[in-house]
Amino acid sequence: MIHQFDTIIIGSGGSGLYAALEASQRSKTAVLSKLYPIRSHTGAAQGGISAALGNVEEDRAEWHAFDTVKGGDYLVDQKAAEILAEEAIQAVYDLENRGLPFNRTPEGRIDQRRFGGHTKNFGEAPVRRACYAADRTGHMILQTLYQQCIKNKVAFYDEFQVIDLVKEGNICRGVVAIELATGEIHIFGAKAVLFATGGFGRMFKITSNAYANTGDGPAVCARRGIPLQDMEFFQFHPTGIKGLGILISEAVRGEGGILRNKEGDRFMENYSPTLLDLAPRDIVARSLVTEVRAGRGIRGDGRIDDYVHLDATGIGKETLLAKLPDITGFCQTYLGIDPADTPIPVLPTAHYAMGGIPTDINGQVVADGNGTVVQGLYAVGECACVSVHGANRLGTNSLLDLVVFGRRAGRHIGGYVKDVDAPRLSDADADPAREWLKKLTEGPSEHHGGHITDEMQTLMMEKVGIYRNEQEMEEAESQVQELRQRYRQVRVQDNSSCFNTDLLEIIELGNLLDLSLITAVSARNRKESRGAHSREDYPERDDDAWLKHTLAYLEEDTVRIDYKPVDISLWQPKPRTY
Ligand SMILES: Cc1cc2nc3c(=O)[nH]c(=O)nc-3n(C[C@H](O)[C@H](O)[C@H](O)COP(=O)(O)OP(=O)(O)OC[C@H]3O[C@@H](n4cnc5c(N)ncnc54)[C@H](O)[C@@H]3O)c2cc1C
């Protein structure tokens, strides 16, 4: 079946819905989502969205932009960070005006709390910058935007999984999707296509990410010749529930929670004397692992799965229930403890992809280091790399990225589609996708997809995790290649066409394998430590050689690396101390 729209948006998280809301004002817009829209991972975001409103203490957009650049270890494009911080203020008020129920100060203003790496006066002390709705900020964003999209008559194709991009030369024409309920192939022709497919934490064994976070957008683009940017930078959040990876929001530390080792010491005093537990995540995650390795974890055996305590007992039961109710519930459900009186056992969990599909400040996808735009192709949110997060994202800056750049991309699309002709797609445009599906479904299976998933996740966790070195990454690269070979022999066992989750998961595994390869190659290539990319064999940041973005092109079984300059037009790189 062939459909025709001006604008197709893939993904109904915060970024996709905001872009849809804007694009639909001036173009016939549809949103495709493999999930029911409000089940997108944005709904799991807990802690908050940052904006220098200055509601509870003095704050400035300039400080916010600087913190973002420094937090990203100077790999951030600085003009993009400036836009993020400046447009944050209006973006948060827009959300408020659209109905988002933020927590309030006693005077009725939007309340704000502390988060890691957000400071006043260029690093002097923590500042209250995160706006929040208890610990359900993302949930509220999704509900608000979804209601507005329905009101604005955006067309929704729920439970449609996009598997291919139709592109002619440098012009994007549409996408190919499977309808989950029927197994039918649909072709969507559009003047503008926007990917908003979210992150890919499912590449790792222990992750805070939902099962659906399999990087479909970046993988589909990579297979169609689009490079992926800065894929070596993957954020590990310091506080996942031990063994499970379920996130305990940084808001717990923002409200006064403290990390302690087995002696009960507040160990962050030794690593970040100014910001302590609210240092950026890469620093806290590494400090935590260092404590564990030194035998100061709670068990004290120095093994990698030892853990530390997040002590929230000082926050008080009343505040926990008022401001962190979901977190309190998670601790009761998954650990059988009440955080008001018992410390929470935590370990880092794979959390956020700083890298992704390269874009300019209007969400337009760029295909090379010179900024050549792919006509009609856009990306926003976690699947994109604009780059405002550089080598390490600050907490609350992702929800902000969704709203600011979702809005910008939606507006740009509204202008773009006026001047271009609608593409004419034919049934043959789905032939490459059909061919691929045929390969996955016909013939006997020699390997099991589930085993490959398991091996890939363990491999990436152990060898391309928080600490990295040449030898392990080389092993990771060749083992991922071997898994990709085995993947080619995997066949779908279930032949039904109605909600065939076997088929969908195998497609997602193919995406994760391609992204794992690109991540491992990009990481091995970067011979320095910066932000979340921490090499034991190259422990220093090396601006002379490596102050540049990586662009990785997937070419069949190899990854070609190229580079793109970083915009440092506002602040010169300095050593990062907190
Ligand atoms: C537990 C948790 C807590 C977090 N807390 C915070 C926080 O407090 N503050 C903050 O700033 N950030 C937070 N983050 C990060 C932030 O929530 C995410 O980066 C952000 O929500 C991603 O939004 P998105 O719009 O890019 O994608 P998502 O919300 O992940 O949505 C992706 C969409 O793409 C669709 N999709 C994917 N693949 C396909 C396909 N092949 N075909 C069709 N549709 C597809 C999905 O159906 C979904 O609708 C948190 C993340 C997690 C995991």
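Ala, Val, Leu, Ile, Met, Phe, Trp, Tyr, Cys and Pro count as nonpolar, Asp, Glu, Lys and Arg as charged, and the rest, including Gly, as polar. The model you're looking at is predicted, so local features need pLDDT of at least 70 and side-chain atom pairs pLDDT 80 or more, while totals for chains, interfaces and linings use all residues. Residues are numbered from 1 along each chain as written, and side-chain values use heavy atoms, with hydrogens and water left out.

**Exercise 1. Work out which residue classes line the second largest cavity.**

Step 1: Get the rule straight. On a 1 Å grid over the protein atoms alone, a cavity is a set of points where a 1.4 Å probe fits but can't get out, and lining residues have an atom within 4 Å of a point.

Step 2: Find the space. The second largest cavity holds about 70 Å³, where a volume is the space filled by probe spheres set on the points.

Step 3: List the lining. Here you'll meet F234, Q235, F236, R281, D282, A285, R286, N392, I466 and A532.

Step 4: Sort that lining by class. You end up with five nonpolar, two polar and three charged residues.

Step 5: Place the lining on the fold, using DSSP runs (helices are H or I, at least four residues; strands are E, at least two). Strand 11 (234-241) and helix 7 (281-296) each give two or more residues. Helix 7 gives the most, with four.

**Exercise 2. Describe the largest cavity and its lining.**

Step 1: Count the candidates. There are two cavities of 30 Å³ or more, and the largest has about 80 Å³ of space.

Step 2: Head for the middle of the largest cavity. It has 14 lining residues, and G381, A384, C385, V386 and D401 are the closest to its centre.

Step 3: Match the lining to elements. Strand 18 (384-385) and helix 10 (397-416) are the ones that supply two or more residues.

Step 4: Sort the lining of the largest cavity. Eight residues are nonpolar, four are polar and two are charged.

**Exercise 3. Which helix gives the most residues to the lining of the second largest pocket?**

Step 1: Note the rule. A pocket is an open set of points with protein on both sides within 12 Å along at least five of seven lines.

Step 2: Look at the second largest pocket. Its volume is about 770 Å³. The lining has 23 residues, with R223, W436, K439, R488 and D514 nearest the centre.

Step 3: Check the contributors. Among the elements supplying at least two residues are helix 5 (216-223), helix 11 (431-441) and helix 14 (501-525). Helix 11 wins, with six residues.

Step 4: Add the classes. This pocket's lining has eleven nonpolar, one polar and eleven charged residues.

**Exercise 4. Find what surrounds the ligand, and which backbone atoms sit by its N and O atoms.**

Step 1: Collect the shell (residues with a heavy atom within 4 Å). It has 38 residues, and S40, H41, T42, G47 and E382 come nearest.

Step 2: Look for polar contacts (N or O pairs within 3.5 Å). A ligand oxygen lies 2.8 Å from a polar backbone atom of S12. Ligand nitrogen atoms turn up 3.3 Å from such an atom of Q46 and 2.8 Å from one of V162.

Step 3: Name the top contributor. Helix 10 gives the most to the shell, with four residues.

Step 4: Sort the shell around the ligand. The split is twelve nonpolar, 22 polar and four charged residues.

Methods. A polar contact is a pair of N or O atoms within 3.5 Å; within protein, one must be able to donate a hydrogen and the other to accept it, and residues adjacent in sequence count only if both atoms are side-chain atoms.
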